[in-house]
Amino acid sequence: MKFINYLESITGIGIYPLTSFMIFFVFFLGVALYVIKADKTYLKKVSQIPLDINE
Amino acid sequence: MEIEKFQYDNKIVKQFAYATMLWGVVGMIAGLLAALQLVFPATNLELPYTTFGRVRPIHTNAVIFAFVGNGIFMGVYYSLQRLLKARMFSDFLSKIHFWGWQLIIVLAAISLALGKTTGKEYAELEWPIDILITIIWVVFGWNMFGTIIKRRERHLYVAIWFYIATFVTVAMLHIVNSIEIPVSLWKSYSWYAGVQDALVQWWYGHNAVAFFLTTPYLGLMYYFLPKAANRPVYSYRLSIIHFWALIFLYIWAGPHHLLYTAVPDWAQSLGVVFSIMLIAPSWGGMINGLLTLRGAWDKVRDDVVLKFLVVAVTAYGMATFEGPLLSIKSINAISHFTDWTVAHVHVGALGWNGFLTFGILYWIIPKMFRTNLFSVKLANMHFWIGTLGIILYAVPMYWAGIMQSLMWKEFTPEGQLKWQFMDSVTKMAPFYAARALGGALFLIGAIMMCYNLIKTVKQGSFLANEEAEAPALSKTFHAHSKDHWHRWIERRPVQLMVLSLVVVIIGGVIEIVPTFLVKSNIPTISSVKPYTPLELQGRDIYVREGCYTCHSQMVRPFRSETSRYGEYSKAGEFVYDHPFQWGSKRTGPDLARLGGKYPDSWHYNHMLDPTSMSPGSIMPTYPWLLDDKVDVSSTVGKIKAMMKLGVPYPEGYENKAAADMQKQAEEIAANLKKDGIQTVADKEIVALIAYLQKLGKDLKAAPKEEVAKLTN
């Protein structure tokens, strides 16, 4: 018992999930690359922001 | 560089903190009342305002938007100022935000008690309140971005990204899901119908969890956990990945609330895939939080704030592990419509949101009042009683959920369903009682906290304006030659917001638009007709009384369900349902095929006293439906609104509707009279009976070949 009665007929519906996955994948890769290459001292400095005693 | 002096606004933080405590207790009391009503139906008090169907939305709205909502604003207003080294942009906007939000809460509580509801879960509030929410939300965003723009810290710490994503996504969700046609000041119909309405609603509902209960609290975690532990977050790298992956994936996951329903198969699968992928960023965030305490676990033993935060993050981990599991179709087939979902939700709500809020309150109040916590011992007691409450709540509900599901699905060797639905109801009593006890313990803990914090406030002296100083931000920024794109965005709040919006819109658009574009593709069923005026009025009573909180209208394509209820639900059946009423929980049986099952008199007696017709029932009584008259004058407006929404009534039908309504009502009254029940045709009960008798009737009337074609 499958719901084959609905939307099955739109041509190329497969492109939607495919596009979305590609967008996500490329974006994720970009972020991952950045994170790996990011400057350590800079990250360290930034992560200290909440601890600043200047308040 | 010149050092600037300025002051942090603590007053607004204090106000939101007080509101969090107050509404937390109120919301939890409503929850406890709802829990008791399932054990002792007499606690429905036979009043319209206090029946389960109205108390449950009051509970959910109060704990989500009043308790957690104020908790978000408390945490954001405290941390944002300090992370940006700037006072809030405008004290006036802060004030409007605070009082506006409290006004919304009060209006919500009153209107829900009066039965003014849209009938869409977690979005029950009627259109005037929806507009007010939009305005106040914009005020919040304006104030936040104003502060960001005049900041003295160039880099936006990760917590702020979460706040920005929250702001922009909640705005989008709220607006899209709340599009409705007003009929009167306190009545509207959803613009969407049936399958579309369901998809939009759960795209909203799921992301209300994501962007109201999760992302802002993750922002708070990234600020308050390092603060309380006095060490930086474990991995800032991980937090960047956590942020983008989480907001990207979450927005897609909505359809996992609609598995095995009449929603198109591809949309269901898409929702499942993204839900499973969600475990990665969720656990990344949890691990990041817990590992922040590496080498400092000894502190957790002594510091009650850290205790609350650690349990909160752990509960987050548990709930987000369970979430993807529940979205797998075969598991969802068992868990959906049962109390398992209730258990899952409360691990998140009590553990993650509740405990994180408590931890922050215990940390923030002594800080702002420049004193120590009144009683650490009492806070520790709160911690243990709260933890015990969560366990006592969750365990019986898991047990109950699995038991319900097994009972619903069990067949005898002869191939008959083994249990009546009522058996699964009566067997729940001890579990519901244990759950109420767990909830009561959690509530007692919260009251202890309020006492403790009030005492703390009394012994301290409040610092309304906290002095601070920081160098001004130089106008020009000299980028490092190897500057990276992501670092570029970390300095640019507006661009960050736009990118977040793009990211969440992609998910939303791809999920929803195809279903709308091919509206005409929903296979129509020739016998499915628009509601008659009387049925429409009856349906509005059904919505008003919150019947959907306990009854589904969605038969899934399982043998156990088709044997119990009848033919499974088809997309084409719901084309005139503004709003859809599929429900999400079966405390009572499914009603999709109710029409024609019982005589009119059965329904009459059942609404007056459910146990007279089904012994053991825990349904509230609805005596007022027998006395109150249907508001006939509203019919014209309602039919007109439906016509505007595309429901094919003949032209000018609104003027004939009253006569048709009268005719149908008199038929039902005559029917009742045959069974010895004297009633006047204009009572609400008559309209409700008309609606209940319509449920599923059109499909039953459909030509056999047509149904066969849909069934395949």
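A residue is buried if 20 or more other C-beta atoms lie within 10 Å of its own. By that criterion, this predicted model has buried residues in helix H8 of chain B, and its largest nonpolar core has 221 residues. The points below take up helix H8(B), the core, and then Val170(B).

**Helix H8 of chain B**
- Spanning residues 265–277 of chain B, helix H8 has 13 residues and reaches 19 Å from its first C-alpha to its last, which is close to the 18 Å expected at 1.5 Å a residue.
- The buried residues of H8(B) are Trp266(B), Ala267(B), Gln268(B), Leu270(B), Gly271(B), Val272(B), Phe274(B) and Ser275(B).

**The largest nonpolar core**
- Within this core of 221 residues, those with the most contacts are Tyr77(B), Phe308(B), Leu309(B), Ala312(B), Leu361(B) and Tyr362(B).
- Helix H6 (residues 194–229) of chain B supplies the largest share of this core, namely 23 residues.
- Because domain 1 (293–470) and domain 2 (533–711) of chain B both give residues to this core, it lies between them.
- Leu309(B), once its neighbours within four places in sequence are left aside, is in contact with Phe224(B), Leu225(B), Ala228(B), Leu356(B) and Gly359(B).

**Val170(B) and its surroundings**
- Val170(B) belongs to helix H5 (residues 158–177) of chain B, and it counts as buried because it has 23 C-beta neighbours inside 10 Å.
- Not counting residues up to four places away in sequence, Val170(B) touches Trp137(B), Phe211(B) and Phe212(B).
- Val170(B) and Leu293(B) are 123 residues apart along the chain, and their C-alpha atoms are separated by 31 Å.

Conventions
Residues numbered from 1 in each chain as written. Chains lettered and ligands numbered in written order. Predicted model: local features only at pLDDT ≥ 70, side-chain atom pairs only at ≥ 80, totals over all residues. Helix = DSSP H or I, 4+ residues; strand = E, 2+ residues; numbered from the N terminus. Expected span 1.5 Å × (residues − 1). Buried ≥ 20, exposed ≤ 12 C-beta atoms within 10 Å, placed from the backbone. Core = buried A, V, L, I, M, F, W, Y, C linked by C-beta atoms within 7 Å. Domains from an automatic or database assignment. Contact = placed C-beta atoms within 7 Å.
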